[in-house]
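I opened my notebook for this one with a plain aim: look things up one at a time and jot down what turned up. Here is what I had on screen.

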Amino acid sequence: MSKLALQTSNEFYLKALTGGLKGTVFRLSSSEILVGRDASNHIAIPTDGKISRRHARLILNKGNYYVQNLSANNFIKVNNEKVSQAELKNNSILTVGEQSFKFISVTKDMAAAVSAKGHGSKVSGSANAYHSHQKNKKMVMGFAGLLAVLAGYMFLSDPHKVEREAIREIATTEKILERVEATKKDNDVLIEKIEKSGKTSSEYKAAHSFYIKGFRAFQRGLYSTALSNFETCLSLYPEHSLAKRYTELSKNRSEELITFNINQGLSNMEQGKYDFCQSSFQNVMASINDKTDPRFSEAKENLNRCKLLQRSKY
């Protein structure tokens with residue numbers, strides 16, 4: 001399924017219009033994106049009481065994104081209408097709790113065509129172009145329209161604009177979902193290897209039970225818990241290929257979340273959003289969970305600074 005995000009001819013974005021994330025632009029390049037209050041979500045909104053821990057899911061299907069409501073207690077809206085599931089179209093407004101996003105879809109082929117026409121319009125026309133006032137007026141209006149569309153595309157693709165608008169990449173580790181789908185096949189191969197290697201079934205079953213626990217935690221975004229289970233599995237059965245693979249994936253995804261929360265915390269501190277700042281650095285500390293790690297100490301000090309800055313406001 002991860003190939004869907006790679007094969008689509010469109011680029012997709014969510015721009016936060018309201019709430020604590022207002023002004024932030026998220027570039028969507030994954031076939032599944034989770035939104036909710038918990039830090040394990042790809043888009044985390046921790047201080048909105050109207051948002052569930054795991055609230056909504058965006059799924060890429062046949063080149064289009066669809067949103068699903070995962071919450072039993074809270075709703076989502078698309079274009080101000082409550083829905084359980086809906087397709088997101090260009091300029092659709094998605095509302096989760098008090099946070100609203102504009103869904104933006106840019107067609108790469110169309111943008112390339114507009115760009116080509118824009119360059120072509122710089123070429124001087126013949127003298128006949130000036131014989132008709134109406135024709136000249138249509139040409140000017142058409143050129144202005146092309147410039148407007150091109151400007152909209154450049155708003156999203158200009159690297160300097162990207163930096164100013166704080167576009168955040170929302171993507172999972174490449175091919176994770178393909179590997180998940182291949183789990184059953186890999187397990188069959190692993191069982192065959194176990195039988196050939198002379199390992200007892202009890203050893204494998206004990207190890208594999210920890211792998212299953214780790215895999216379930218991985219699916220829920222609890223990467224520290226997943227990593228602990230995968231490492232236990234490997235201590236019992238060092239040749240467990242899936243546990244080896246998901247150990248690396250868990251480490252990578254955990255590092256991505258730590259980096260994201262550090263950057264989010266510093267950004268919120270600069271903007272005076274001290275509630276979000278504290279939540280971000282608490283997430284960093286929970287993810288690292290190792291007091292000897294320098295990043296844990298730094299996150300702790302930044303957390304204290306956010307608290308002091310918040311107190312100094314009153």
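Before anything else, I fixed a term: a charge sits over a ring if NZ of Lys or CZ of Arg is within 6 Å of the ring centre and within 35 degrees of the ring normal. I also noted that this is a predicted model.

**Charges over rings.** I found the charged end of lysine 213 over the ring of phenylalanine 210, 5.1 Å from the centre of that ring. I then turned to lysine 82, which lies over the face of phenylalanine 75 at 4.3 Å from the ring centre.

**Overall picture.** I looked up the secondary structure and got 11 helices and 12 strands. Of the 314 residues, 39% count as buried. I took contacts between residues at least 6 apart in sequence, and 54% of them join residues at least 24 apart. The exposed surface comes to about 17,700 Å², with 52% of it supplied by carbon and sulfur atoms.

**Cores.** Which residues have the most contacts inside the largest nonpolar core? I listed Leu14, Leu28, Ile43, Leu58, Tyr65, Val67 and Phe101, in a core of 25 residues. Among the elements that give two or more residues to this core are strand 1 (10–16), strand 5 (56–61), strand 6 (64–69) and strand 11 (99–107). I clicked on leucine 58 next: leaving out residues up to four places away in sequence, its contacts include Leu14, Leu28, Ile33, Val35, Tyr65, Val67, Leu88 and Leu94. Apart from this core I found another, of 18 residues, with Leu190, Phe215, Tyr223 and Tyr237 among them.

**Isoleucine 104.** I placed this residue in strand 11. Its relative accessible area is 14%, and the cut-off for buried is under 20%, so isoleucine 104 counts as buried. Isoleucine 104 and leucine 14 are 90 residues apart in sequence, yet I read 6.2 Å from C-alpha to C-alpha.

**Aromatic pairs.** I counted 12 of them in the structure. One is the pair of tyrosine 211 and phenylalanine 230, which is tilted, with 5.8 Å centre to centre and 35 degrees between the planes. Tyrosine 211 belongs to helix 7 (residues 201–219) and phenylalanine 230 to helix 8 (residues 223–236), so this pair ties together parts that are 19 residues apart in sequence. Are these two rings' residues buried or exposed? Tyrosine 211 counts as buried at 1% relative accessibility, and phenylalanine 230 counts as buried at 0%. Last note of the day: ring pairs link Tyr211, Phe215, Phe218, Tyr223, Phe230 and Tyr246 into a cluster.

Conventions
Residues are numbered from 1 along each chain as its sequence is written. This is a predicted model: local features need pLDDT of at least 70, side-chain atom pairs count only at pLDDT 80 or more; totals for chains, interfaces and linings use all residues. Side-chain values use heavy atoms; hydrogens and water are left out. A nonpolar core is a set of buried Ala, Val, Leu, Ile, Met, Phe, Trp, Tyr and Cys residues joined through side-chain atoms within 4.5 Å. Buried means under 20% relative accessible area, exposed over 50%, partly exposed in between (1.4 Å probe, protein chains only). Helices (H or I, at least four residues) and strands (E, at least two) are DSSP runs, numbered from the N terminus. Contact means heavy atoms within 4.5 Å. Rings of Phe, Tyr and Trp (its six-membered ring) pair if their centres lie within 6.5 Å; planes under 30 degrees apart count as stacked, over 60 as edge-to-face and the rest as tilted. Accessible areas come from the Shrake-Rupley method with a 1.4 Å probe; for residues, only the protein chains shown count as cover.
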